[in-house]
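Colleague: I'd like to learn how to read a protein model, step by step. Could you take me through this one?

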Amino acid sequence: MCRTIALAATILALTATYASADEAPRKAGAAERTSAARLDPLGRAAFWAREAELDSRDAEAGVALSQALRALGRNDEAAAAAGKVLINTPDDIGALLEQARSQIASGQGFFAIEPAERAARLAPQDWRPAALLAVALEQAERDDEARVAHQRALTLAPAEPTVLSNAALYHAGHGELSQAESMLRKAAAMPSASAQVRLNLVLVVGLQGRFDEAEALARKELPPETVRANMAWLKSRTSATAATTRSWDAMRGS
């Protein structure tokens, strides 16, 4: 509760910087909104909270606020911000995706299924709803449906690193480590691959007992103390079934 109050107070203080005391509040222009993308998550949250307050029907502001809050780890608030957008525009793809992402980030995949399915119906050729639905179904322990959703996402975007990585972690979680490694190596080699994708490869290599190789890969992405902690965690896992973790951050938490 104290963290929430402190965060709210900080956001309110930052929000005040976007309006002059001598001027009536006005919505930011296109250039200002573009510049807001360069702010840190707290600054973005302040900026978009003000924009959403000025116009509750501003879907762009609501979705951007949700994204910024999720980046701050305020997943419940992020889901609520996306929900407010959906009250006025129930078919807003961005808001549906953000609501699903926020629920997944909270580990509440069951509640991400409905917005992900709605987004998939509205945009059947968009890989993002399918990818989110797959992870949501995994969290809800509906594995057979999750496998189908992962395959759907792969069909829509076979060269998307995130899709490959998510599907690989699904296979890893079911003991199919060799297949998972093959998919992650393909994903990690792509120019658009994120550090998270490469760290998922570290996880899968390590879970196969190839600790020296996993450590060498990890040192390209993480500082030494973090590598040591993560390698100690990996070495403590004696069974391939330990691959049920969804991300390197979750593994660090363990």
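Modeller: Sure, let's start from the outside: the protein exposes about 12,800 Å², and carbon and sulfur atoms supply 54% of that area. Accessible areas come from the Shrake-Rupley method with a 1.4 Å probe, and for residues only the protein chains shown count as cover. Keep in mind that this is a predicted model, where local features need pLDDT of at least 70, side-chain atom pairs count only at pLDDT 80 or more, and totals for chains, interfaces and linings use all residues. Residues are numbered from 1 along each chain as its sequence is written, and side-chain values use heavy atoms, with hydrogens and water left out.

Colleague: What does the protein average in pLDDT?

Modeller: pLDDT is the predictor's confidence in each residue, from 0 to 100. Here the average is 87, and 84% of the residues score at least 70. Over residues 238-254, though, the pLDDT is below 50; beyond near neighbours in sequence, that stretch has 36 contacts in the model. Contact here means heavy atoms within 4.5 Å.

Colleague: How many helices and strands does the protein have?

Modeller: Both are DSSP runs, numbered from the N terminus: helices are H or I with at least four residues, strands are E with at least two. This protein has 15 helices and zero strands.

Colleague: How many of the 254 residues count as buried?

Modeller: Buried means under 20% relative accessible area, exposed means over 50%, and partly exposed is in between (1.4 Å probe, protein chains only). Of the 254 residues, 44% count as buried.

Colleague: Which residues have the most contacts inside the largest nonpolar core?

Modeller: General idea first: in soluble globular proteins, nonpolar side chains tend to be buried together. A nonpolar core is a set of buried Ala, Val, Leu, Ile, Met, Phe, Trp, Tyr and Cys residues joined through side-chain atoms within 4.5 Å. The largest one here has 34 residues, and Leu154, Val163, Leu164, Met183, Leu203, Val204 and Leu234 have the most contacts inside it. Several helices each supply at least two residues, among them helix 8 (127-139), helix 9 (143-156) and helix 12 (195-207). Helix 12 gives the most, with eight residues. There's also a second, separate core of 22 residues, including Ala95, Ala119, Ala136 and Leu137.

Colleague: What does methionine 183 touch?

Modeller: Not counting residues up to four places away in sequence, methionine 183 touches Leu154, Leu164, Ala167, Ala168 and His171.

Colleague: Glutamate 98 caught my eye. Is glutamate 98 buried or exposed?

Modeller: Buried, with a relative accessible area of 0%. Glutamate 98 sits in helix 6 (residues 93-105). For its partners, a polar contact is a pair of N or O atoms within 3.5 Å; within protein, one must be able to donate a hydrogen and the other to accept it, and residues adjacent in sequence count only if both atoms are side-chain atoms. The side chain of glutamate 98 makes such a contact with the side chain of arginine 70 at 3.1 Å, and another with the side chain of arginine 101 at 2.7 Å. Leaving aside neighbours within four places in sequence, glutamate 98 is in contact with Val63, Ser66, Gln67, Arg70 and Ala82.

Colleague: And how many aromatic pairs does the structure hold?

Modeller: Rings of Phe, Tyr and Trp (its six-membered ring) pair if their centres lie within 6.5 Å; planes under 30 degrees apart count as stacked, over 60 as edge-to-face and the rest as tilted. This structure holds two pairs. Phenylalanine 47 and tryptophan 48 have ring centres 4.9 Å apart and planes at 85°, so they are edge-to-face. Phenylalanine 110 and phenylalanine 111 have centres 5.3 Å apart and planes at 90°, so that pair is edge-to-face too. As for cover, phenylalanine 47 is buried at 4% and tryptophan 48 is buried at 6%, whereas phenylalanine 110 is exposed at 52% and phenylalanine 111 is partly exposed at 49%.

Colleague: Last one: what is phi of glutamate 141 near?

Modeller: Most residues other than glycine have a negative phi, and most peptide bonds are trans. Glutamate 141 has a positive phi, near 60°. You'll find glutamate 141 in the loop between helix 8 and helix 9, and at 71% relative accessibility it counts as exposed.
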